[in-house]
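Reader: Please take one helix of this model and go through it closely. I would like to know what surrounds it and how its residues are placed.

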Amino acid sequence: MDQTVVFLTFLGMLAVTYVPRMAPMVALASKSLPEPVVRWLSYVPVSVLSAMLFPSLLLDDREFDFSPDNFFLWAAVPAFLLAWRTRSFFGTVALGMALVAGGRYFFE
Amino acid sequence: MTIDAVAGDHAESPMISAARLVAPIVMGYLPVGVAYGVLAQQAGLSMLNTVLMSVLVYAGSAQLIAVALFAAGVSPWSIIATTFVVNLRHLLMSASLAPNLKSWRKWELALFSYQVTDESFAVHSARFARGDRNKATGFAINYIAQVSWVLASFVGFVAGASIPRVEPLGIDYALPAMFIALLVMQTKNRLHVLVAGFTGLAAICLIRAGADQWSVILATVMGATFGAGVETWTKR
C-alpha cells in the first residue's frame with residue numbers, strides 16, 4: 001500500500017469532514033436566525049440522538065432483534081427508567097454497563 | 001452527578017465538570033479506537049498514517065469504513081466521497097450548536113467545530129440546554145476525547161489483537177447508555193417524546209430499506225421538521 005496515497009486521501013477526508021463541521025457554526029453563530037429556523041434547530045438534538053440510538057438498540061444487521069440475548073435493548077429499559085426518574089448521568093451509564101456485563105456473564 | 005448538575009449550576013470547576021462529562025466518551029472511544037488501530041494495521045496502513053487519520057479526520061465510523069475500503073483497494077476518490085456522506089450529519093449538529101455560541105470569536109468556532117463528533121455534540125447540546133456555556137469546559141471535553149481516540153488508535157496498532165477483550169466489562173455499552181441519559185435530559189415535553197419516537201422509527205425504516213449511511217441525517221431532517229411542524233400547528 002502506497003502510504004503517500006493513503007496520506008493524500010486523508011487530506012481529502014479531512015476537507016469533506018471539517019467543512020460540514022465548521023461552516024454552519026462559523027456562519028450562523030453570530031447571526032440572529034429567523035424564529036422558524038431556531039425552532040427547527042431546537043428539535044435537532046432530540047432527533048439526532050434518537051436516530052443514532054434506537055437503531056443500535058433494536059436492529060442487528062438490519063433485522064429487528066427482540067431476542068433475550070439482545071442485551072443492548074434490555075439494558076436500555078432500566079437505563080431509560082433510571083435516567084427519567086433520577087436524572088443521574090453517571091448512574092445511567094454505570095447501570096447500563098453493569099447490566100450488559102451481567103447479562104453476558106450469566107447468560108452467555 | 002445528576003443531570004441537573006451538568007449545568008454547572010453548582011460550584012464545580014470547569015475542569016471537574018469536563019472530566020465527569022467526558023468520562024463515558026473516553027470509555028467508549030478507547031475500545032473502538034483500539035479496534036480501529038488493529039484493523040488499520042491489518043489493512044496495511046503505516047503506524048504514522050494510522051495515528052494521523054485519528055488526528056486529521058477524527059470520525060469513528062468513517063475511519064473504520066475507510067480502513068475497510070483501503071484494505072479492499074477502493075480508489076481514494078470513492079473513499080473521500082463515502083467519508084463525506086457518512087460525516088454529513090455533523091452539518092446539522094454544527095448548525096444546532098451555533099445559536100449557543102453567539103459570543104465566540106470566529107477562530108474559536110473554527111477550532112471548536114473541528115472536534116464535533118456524535119458524542120461531543122451530544123454532551124455539548126445537553127450542557128447548553130442546561131445553560132452551561134463555559135468555553136474551557138467545552139474545549140477540555142473535546143481535547144480529552146480526541147486525545148483518548150488518538151492514543152487508542154496507536155495502542156491498537158502496536159498491540160494488535162493481543163489486547164484483551166473488553167466485552168465482559170460492558171464497556172461497549174458506555175456510549176449507548178450515555179446517549180440514553182443525554183436523550184432523556186433533552187426530552188422536556190410530550191412533543192419531544194413524540195419526535196424521539198418518530199425519528200427513531202424513521203431511522204430504523206431507512207436502515208432496513210438499505211440507506212444505512214444516510215439514515216441519521218435523513219431521519220434527523222424528518223424528525224426536526226415533524227417537531228417544528230407540530231409545534232407551529234398546535235400554537236396556531
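Author: The cover over the buried residues of α4(B) includes α1 of chain A, together with α3 (60–71) and α5 (89–97) of chain B. Helices here are DSSP runs of H or I with at least four residues, numbered from the N terminus. This is a predicted model, in which local features need pLDDT of at least 70, side-chain atom pairs count only at pLDDT 80 or more, and totals for chains, interfaces and linings use all residues. Residues are numbered from 1 along each chain as its sequence is written, while chains are lettered from A and ligands numbered from 1 in the order in which they are written.

Chain B averages a pLDDT (the predictor's confidence in each residue, from 0 to 100) of 91, and 95% of its residues score at least 70.

Helix α4 of chain B covers residues 76–87, 12 in number, and spans 16 Å from first C-alpha to last, close to the 16 Å expected at 1.5 Å a residue; the expected span is 1.5 Å times one less than the number of residues. Its buried residues are I79(B), I80(B), T83(B), V86(B) and N87(B). Seen down the helix axis, they fall within an arc of 130 degrees, so they line one face of α4(B); the arc is that of the directions from the axis to the C-beta atoms. On the other side, W77(B) and S78(B) are exposed. Buried means 20 or more other C-beta atoms within 10 Å of the residue's own, exposed 12 or fewer, and partly exposed in between, with C-beta atoms placed from the backbone.

Conventions:
Helices (H or I, at least four residues) and strands (E, at least two) are DSSP runs, numbered from the N terminus. Two residues are in contact if their C-beta atoms, placed from the backbone, lie within 7 Å.
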